[in-house]
Each structure stands twice: as C-alpha cells, then as structure tokens.
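Let's take a walk through a protein fold together. Have a look at the picture below, turn it around a little, and then read on.

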Amino acid sequence: MLHFNAPPAAALKAAAGGGEEDVYKVLVLDRVTKDILAPLLHVNELRRHGVTLHLLLDADRQPIPDVPAVYYVHPNEASIQRVLDDLSRGLYASFHLNFSTHIPRPLMEKLAAGVVASNSAARVARLYDQHGQFLSLEGGLFTLGLPDTYLQLNDPAAQDTQIEAAVSAVVEGLFCVLATLGVVPVIRCPRGGAAEHVAAQLDAKLRDALAGRSSLFSEAGAAGAGGLAASLQRPLLCLFDRNFELSVVLQHAWTYKPLVHDVLAMRLNRVTLQDAAPAPGQPGGKKSYEVDDNDFFWAGHGKEQFPKIAEQVEVELKKYKDAIEELNRKTGSHIDPLADPSDLMRNNTRSLMNAVSSLPELTEKKRVIDKHTNLATALLGAIKARQLDAFYSLEEDCLGNKADAGAVVQQLQAPVGTPADKLRLALVWLLTCESGAQACWVGSPPEGECQQVEALLQGCGADMAAWWYVKRMRRLNLTGKQQPGAASVGEGLSGFGGAAQSQLTTLLGSTFGQGLSSLTKGVKNLLAGEQQAAVTVAVEALMEGRPNPETDAYAVFDPKAPAGRAQRPAGPFKESLVFMLGGGNYLEYESLSCWASRAQPTPKHIVYGATDLLAGEQVLQQLSILGHKSGAAPAAPAVQ
C-alpha cells in the first residue's frame, strides 16, 4: 500500500535503483486505521518507505499540490465526505485511496458522484479494499478493536438493529483476518449463542467470496503469508462467546505479559508510565514504552512468572556488561614493536570497525533492559501496594476447586487491595466455587457465605452492580461450564535470591528489592501445578477431532461444503484460529499458546483473537453497566 500497491519486493527494488517507486508521499489516516498501523510500523519505518508526513484525515491540512497521497481510512459517510473535500480542493497531486475493509456500494456511488461533480477524477490514481480491519499485536495475536462488544451483545435493552450491527462488525473483522491469511477454515462453535450467529454469517460471507469471479482466497493471495496459509491442510476456526468462561478475564495474573496488560494498562503494545525521577526543577512527566515481537526480552520472557523476570533482567544485564568488556578488550589492542606497521594499522582499523558496528546493537540491548527494569519497578510497586500475589493465589485455588469461603472472606477483610481487586476475587469465587454459588440463590440465612461476601464488598465500596449481575447470570446458568484452569501456564518458578536478586535490588532500590524477595517466597508453593483455561480444554478436543461428549454437539460450518451439508471434520488439525467474542486477554492467549507448543506428538499452531483485549477492571465496568440495564442492580442516577 505504501508503494502504491505494487508488490513490496518490486517496489523496494525499484526504490533502491532510483526508479519510479523512489518517490516521496503523504500518508493520510483516520482514527481507526491509525490504530491498525500503530503496532506494525514506526515513524522511521514509514520514512524508509518514502512517507515524509503522516496526517489525520480530520485534521486541518495544508495543500501539497506536487506530492502524491496514500489514503488509508475506514469506509463510512464521514471519511468519504472528507476525501471528496480534499479532492475538490486539490490538496495533493494524486490520491491513492485504500479502505480498511470493503466499501459498501452506496458509499462507492457517493464517492463516484462527488468525484464527477468536482471534476477531480484525474487525481484519483487507484482505489483498493485492503481487508485489514483488525489489529495485529503479535505473530499469533490479533483483536478487532471492538471494546464494547460484550456489552452490546448482552444488553437487554438493545434493539435488533444494534445487535446486528455489532455482529456484522465482528464478521467483517474476521473476514479480513481470513482474507489476509488467505485461508478458508472449517468453523466450530457452541450452539445456541452469539458465537453461532457470528459463525453462520461468516459462513455466508465466505461462500459469497468463494463464488465471486476474483477470490481473495486463492493460493496466490496466500503467498508469503506463512503460518496458517503455508499449510496444505485447512485450519480450524473455533468461535466462543465470552460467557463460555467469564472468570478468566476477571482473575489476577502472575506472569509477565498478563501483568503488564492488566496492571499497567498496556494498549496497542504500548505502556505509559509516570516518570518517577524527573529532572531537577521539572514536573514529573510520562514515558511510553513499546513491547512487541521485536523486543527480545518481551518475546523471550513474557510467559514467565513475575519473580523470574527479576532474575532474567540480571542475566541480560550481565550479558550486556560482558559484551562491553569484550569490546573494550578487543579495541585496546597490545602493540607488538616487531609487527609490520601496515599490518598493525590494518588490524587496529578492523577492530575499530567491528567495535563501531556492534555499538548500535549493544545500545539497543541496554535500552531494552532499562525499559523492562522500569516496567518491573512499576509492577512491583503495584504488587506491594495491593498484595496482588495474595489475590492471585486465592483465585488459583478457586479455579482448582480448592478454596473455601473462609479464605475468601479473610482476604476481603484484609486492609489491602482496591475495591476492584476484592470484587474480582469475589466474582471468581462466585463463578467457580459450587458451595458459594449455591448459597447465593438457595435462600441461605444472613450469616451464610454469600451474604457475608456481599456485606464485605459493600463495606469496602465495591461496585455491587457487577456482583448482582453475575449473581443473576449464575442463577440463570448463563455463564457456561466453568472448568478449572486459566492462568498458571508459564514456566515453573525456580529459586530466587542471592546474586540473582542483587542487580535488580540495586536498580529498584532496597525497599523494592526486599519486597520482591518476600513476595517470591510467598508464592513459591502455589505454582507447582498448571491449570488450563476452559477454552484451551475445548480447543484441544476440537483439534483432536475424536468423539468427545463435551464438543460433539458443537455446530459445524464449512464454507466449501454444499449448503446445509457440513459434517463434523475428522482430525487431528495442526492449526487453529481461536476467537473470543466479547473480549479476551493475555492470560487466555498464554494458556492456548503454551498448550500448543507442548502438544504431542507434534506442536500445534494457534492464532488467538478477540473483539478486544480487556483488563479486569474494564470487564467490571461492562458488568456494572449490564447490572443496571438488566435490573439486577438499582438504576444508575441520572447525570445532571
């Protein structure tokens, strides 16, 4: 797209040779497409592709009449009108129009009519549907950027048109993912819910695309996509509704990536922290850090338990110091008085050149180490202040059916943790603990477990609307089968102390260091076993393809089979896309990817997606709104 939709290799080759592709251009984005590109390209990478300016569509922009412009926008009434305004004003020499998804016929007709009316057809160079309406965060992780889908699909006051619009947005996003991969999967999903509705519409959309004259799913379209598209076997697409397992998006985490996402509010692979040490006389500012597949520490240690991260920071810092010492040793060469002067000069020059060439890599490595030291510092501060390890360990016991109400009550009575932390613990207990759940609707006496938990939540100021809504869901059996699982999927915790702790203690300060040590000792005995998220258990059964009472009743959609004749596919499958309708999180992604990497006899390839990645408190907000709208909680006061 950045090279006017020429094949990337050809475009870059022409640019290197000074051909016609070696041209500067302006990139125009809207809010939607800016988020799509944010995790994929940095400003310096845009410049390497000839983009000198990137501007927002709705911003005031000055004419640059002799430069071509690449537009990448979401097709809607507002964006089409703004493009027409730019064309009529002649802002740029030529307009290469790219839409993030298929532009509907009415909008295409409006665009054509506007171009003719302004006599600007000569400026429109090309127009493309890019089918890129999704956010690619990692090689195996994507979202559709639809944060309120759970709320929209469960809102009892929603009109049919609103629900259909929400479903259509999900179907369009999933279609774009499949078109990008160049694959037509077999679709499986539980019957009778929103997931089946999405599956049916996606099946119909794929059938229409396959019947078209130019298919997006030809082998040529999949060339170079790798992964799922590189296999001869069709992948499996497993669709689930968030109510299939609600507890996994409410519980606390103890591995690195889920902690950063949940505690530090990571969005689009970016974390923003308050500057703890501003310059003298300067107000405290904010610092942003990017974490993605290009970050060796994030990619290599993101699934490890938090105490292990401190050890890994020490290891990487030692490697860096050793590399610097080796560099110093090589450049400080010993001069031999009997050596030939020309040979001596040549060797010294070679050593100096090697040193200079390795410095950028070492500098980048040190920057990454410093970044994760700062992230670990921020996480440790939150863990100490809120005792997140205690909440995590209790929730793990709940998920393993090992926690009793007494332990939950004791934690709710403790003067630590925010009201949201306590509410999340209580909801995990409510969703997983059979005795506690039964007490909530059998009519237990005031001194019963459930009433005691409710009283403590009210006393600490928790938002009870979310509690009452989930309580009603359990009564109506709307939350699916809660299976033990969800979260302890990282590597086992090794010993932590001595030299391995010293460097992080120095970097974070003695108070943080002592806190980290005590926290580590507190959770060592809690990590002996591993539990899987419920969705992982279901995906394993679906990919195996053998008769299974848990998944045999799942609906089957095969866009390549005659309509109404799809049969349960024979396994095993090597690859699968797993999509969570209503929001997912890194904890669920971690559970799936860890299982896939250890699957026998051969590892599986899993791509995980969701309508959005939600932190625990974001889920609470949606549950609270639903509590008020459903009548489970008193109506929220009107805003004056």
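In which sense do E13 and E14 pair, and over how many bridges? They pair in the parallel sense, over 6 bridges. Within this pairing, Leu577 has Val607 of E14 as its bridge partner. Keep in mind that what you see is a predicted model.

**The whole chain**

Let's step back for a moment. The chain has 640 residues, and 49% of them count as buried. Its secondary structure comes to 24 helices and 14 strands. Take the contacts between residues at least 6 apart in sequence: 80% of these join residues at least 24 apart.

**The sheet with seven strands**

E13 and E14 belong to an open sheet of 7 strands, in the order E6-E7-E14-E13-E9-E8-E12, with mixed pairing. At the edges you'll find strand E6 (135-138) and strand E12 (555-557), each of which pairs on one side only. On average, neighbouring strands here are turned by 20° against each other, direction ignored.

Now zoom in on E14. This strand is largely enclosed by the rest of the structure, because 5 of its 6 residues are buried. Besides its pairing with E13, E14 is joined by 3 bridges to strand E7 (residues 141-143), and these two run parallel. In that pairing, Leu141 has Tyr608 of E14 as its bridge partner. There is also a helix in the story: E13, H23 and E14 make a right-handed β-α-β unit.

**A helix lying across the sheet**

Next up is helix H22 (residues 534-544). Is this helix mostly covered or mostly open? It is mostly covered, with 8 of its 11 residues buried. Among the buried ones are Ala534, Val535, Thr536 and Leu542. H22 lies across E8, E9, E13 and E14, and runs at about 150° to E9. Its buried residues pack against those strands and also against helix H23 (586-598). Just after H22 comes Gly545, which takes a positive phi of about 80°.

**Two nonpolar cores**

The largest nonpolar core has 71 residues, and the members that touch the most others are Phe240, Val535, Val539 and Tyr608. Helix H13 (residues 341-386) gives the most to this core, with 9 residues. Apart from it lies another core of 42 residues, including Leu246 and Trp467.

You've met two of those names already: Val535 and Val539 are buried residues of H22. Tyr608, for its part, is the bridge partner of Leu141. Leaving aside neighbours within four places in sequence, Tyr608 is in contact with residues including Phe142, Val578, Met580, Tyr589 and Leu592.

**The sheet with five strands**

The model has another open sheet to explore. In this one, 5 strands line up in the order E2-E1-E3-E4-E5, and the pairing is parallel. Strand E2 (51-56) and strand E5 (124-129) stand at the edges with a single partner strand each, so one side of each has no neighbour in the sheet. Neighbouring strands of this sheet are turned by 15° against each other on average, direction ignored.

Strand E4 (residues 95-99) is joined to E5 by 5 bridges, and the two run parallel. One bridge pair is Phe99 with Asp129 of E5. Helix H4 (residues 77-89) packs on this sheet, where it touches strand E3 (69-73), E4 and E5. The direction of H4 makes about 175° with that of E4.

**A buried glutamine in a loop**

Finally, look at the loop between E5 and E6, where you'll find Gln133. Why does Gln133 count as buried? Its relative accessibility is 14%, and buried means under 20%. The side chain of Gln133 makes polar contacts with two other side chains, listed here.

| Side chain | Partner side chain | Polar contact |
|---|---|---|
| Gln133 | His74 | 3.1 Å |
| Gln133 | Ser100 | 2.4 Å |

Not counting residues up to four places away in sequence, Gln133 also touches Val32, Ile36, Leu144 and Cys176, among others.

Definitions and conventions: Residues numbered from 1 in each chain as written. Predicted model: local features only at pLDDT ≥ 70, side-chain atom pairs only at ≥ 80, totals over all residues. Heavy atoms only, no water. Buried < 20%, exposed > 50% of the residue type's maximum accessible area, 1.4 Å probe, protein only. Helix = DSSP H or I, 4+ residues; strand = E, 2+ residues; numbered from the N terminus. Contact = heavy atoms within 4.5 Å. Pairing = 2+ DSSP bridges. Axes fitted to C-alpha atoms, helices over the stretch in contact; angles between N-to-C directions. Core = buried A, V, L, I, M, F, W, Y, C linked by side-chain atoms within 4.5 Å. Polar contact = N/O pair within 3.5 Å; in protein donor to acceptor, adjacent residues only side chain to side chain. Right-handed = clockwise from strand over helix to strand, strands pointing away.
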